[in-house]
Every structure is written in structure tokens, then in C-alpha cells.
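Hi,

Here is the structure I promised to pass on to you. Have a look at it first, and then read on for what turned up.

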Amino acid sequence: QAPVGYWDPLGYAKDGDAVAFARRRSTELKHGRIAMLATIGYITPEVAGKFPGYLSYSENLKFQDVPNGLAAISKVPALGWFQILAY
């Protein structure tokens, strides 16, 4: 692989197993894409704004009241987490 050659600092591909190498390569691509989507999902509400209206009418919780990042975990009602996990 020009120009620097094959790079395998941890020696994962020393055994020469082409199937395992292809699986690791595809898994790395998948995880990279998920990380990119997570980054976009974190940045977009800060730049573009949040949905108008209520996240929960019963708890009088608006979308704009929910912060970004891990702080949102404590703000989402339990029934909301159930809906997310059940989906």
C-alpha cells in the first residue's frame, strides 16, 4: 500500500486471515460512520435550533428545555425512554 506500506502496529493481521481482516475493516468503517452521525447529532441542535412544541405535555417539558449531551438523560421522562427502547 503505497506510499508508506502496510500499517499494522498491533499485529492484528499477522495471521494472514483475509476473512477476519475484511470483517475488522468493515466494522471499523461502521463505527466511524456512527461516530460521525453522533457528532452531527450533537452539533445540529446547537446550530439549527430545536423542534418547537412539547416533548411531554403531561410534564410540561418542551424540546428547548432539554440540554444537549449527557445532561439530556436526566431530563427525558421515563415513559420517553421506554418508547425509545421499545422502538
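Ala86 is a good place to begin: this residue belongs to helix α2, which covers residues 78-86. Please keep in mind that the model is predicted. Is Ala86 buried or exposed? Its relative accessibility is 54%, and the cut-off for exposed is over 50%, so Ala86 counts as exposed. You could also look for Trp7, which is 79 residues away from Ala86 along the chain. In space, 42 Å separates the C-alpha atoms of Ala86 and Trp7.

Now for the whole chain. What is the order of the elements, starting at the N terminus? They run α-β-β-α, which gives 2 helices and 2 strands. The chain is more spread out than a compact globule, because its radius of gyration is 21 Å, well over the 12 Å that the globule rule gives for 87 residues. Along the principal axes, the C-alpha trace spans about 60 × 30 × 15 Å.

How much of the chain is buried? Of the 87 residues, 11% are buried. Among contacts with a separation of 6 or more, 8% are between residues 24 or more positions apart.

Last, the surface and the charges. About 7,700 Å² of the chain is exposed, with 64% of that supplied by carbon and sulfur atoms. There are 9 positive and 7 negative side chains in the chain, and 2 Å lies between the centres of the two sets.

Enjoy exploring!

Terms used. Residues are numbered from 1 along each chain as its sequence is written. This is a predicted model: local features need pLDDT of at least 70, side-chain atom pairs count only at pLDDT 80 or more; totals for chains, interfaces and linings use all residues. Side-chain values use heavy atoms; hydrogens and water are left out. Helices (H or I, at least four residues) and strands (E, at least two) are DSSP runs, numbered from the N terminus. The radius of gyration is taken over C-alpha atoms; the globule rule is 2.2 Å times the number of residues to the power 0.38. Buried means under 20% relative accessible area, exposed over 50%, partly exposed in between (1.4 Å probe, protein chains only). Contact means heavy atoms within 4.5 Å. Accessible areas come from the Shrake-Rupley method with a 1.4 Å probe; for residues, only the protein chains shown count as cover. Lys and Arg count as positive and Asp and Glu as negative; His and the chain ends are not counted. The place of a charge is taken as NZ of Lys, CZ of Arg, CG of Asp or CD of Glu.
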